[in-house]
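Reader: I'd like a close look at the salt bridges in this one. Could you walk me through which side chains pair up and how exposed they are?

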Amino acid sequence: MSPASQEEVVKAAFQHRDALIHYAFALLRDVALAEDVVQDAFLVVMRKWQDFRPGTSLFSWVREIVRNKSFEALRSRKRRTSSLD
């Protein structure tokens, strides 16, 4: 697959939504946070769709974005709990 437009990239990425939520949940252990992270990842996909290299795995690209967003969420949660102590 080699999507040529933002719409094609986002549409193709969205087909992996459930798998991406499961992946985020495995990292975060929080369904609502996993859904938020995936939604944030799709916003990144919409902004940076031109960074996707045709001929590579779109799923892997988006999963890496979800991974980074998940770690951001974990760091943020850790900071919030540390500041409450």
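Author: Here is a tour of the charged pairs, with a short stop at the nonpolar core afterwards. Keep in mind that this is a predicted model. A search of the whole structure turns up three salt bridges. In general terms, side chains of opposite charge can pair when their charged atoms come close.

Let's start with Arg17 and Asp18, whose side chains meet with N to O at 3.7 Å. Asp18 counts as exposed, at 52% relative accessibility, because the cut-off for that label is over 50%. Its partner Arg17 is partly exposed, with 31%.

Now over to helix α4, where Glu64 and Arg67 sit three residues apart, about one turn of the helix. The closest N and O atoms of this salt bridge are 3.3 Å apart. Glu64 is partly exposed at 38% relative accessible area, and Arg67 is partly exposed too, at 32%.

Lys69 and Glu72 also lie in α4, again three residues apart and about one turn of the helix. Their side chains form a salt bridge at 3.6 Å, N to O. Lys69 has a relative accessible area of 21%, so it still counts as partly exposed, since buried means under 20%. Glu72 is partly exposed as well, at 39%.

And the core? Helix α4 (58–84) supplies at least two residues of the largest nonpolar core, as do α1, α2 and α3. That core has 21 residues, and Trp61, Val62 and Val66 are among those touching the most other members. Ala24 is another of that group, and its contacts beyond four places in sequence include Val66 and Ser70.

Methods: Residues are numbered from 1 along each chain as its sequence is written. This is a predicted model: local features need pLDDT of at least 70, side-chain atom pairs count only at pLDDT 80 or more; totals for chains, interfaces and linings use all residues. Side-chain values use heavy atoms; hydrogens and water are left out. A nonpolar core is a set of buried Ala, Val, Leu, Ile, Met, Phe, Trp, Tyr and Cys residues joined through side-chain atoms within 4.5 Å. Buried means under 20% relative accessible area, exposed over 50%, partly exposed in between (1.4 Å probe, protein chains only). Helices (H or I, at least four residues) and strands (E, at least two) are DSSP runs, numbered from the N terminus. Contact means heavy atoms within 4.5 Å. A salt bridge is a side-chain nitrogen of Lys or Arg within 4 Å of a carboxyl oxygen of Asp or Glu.
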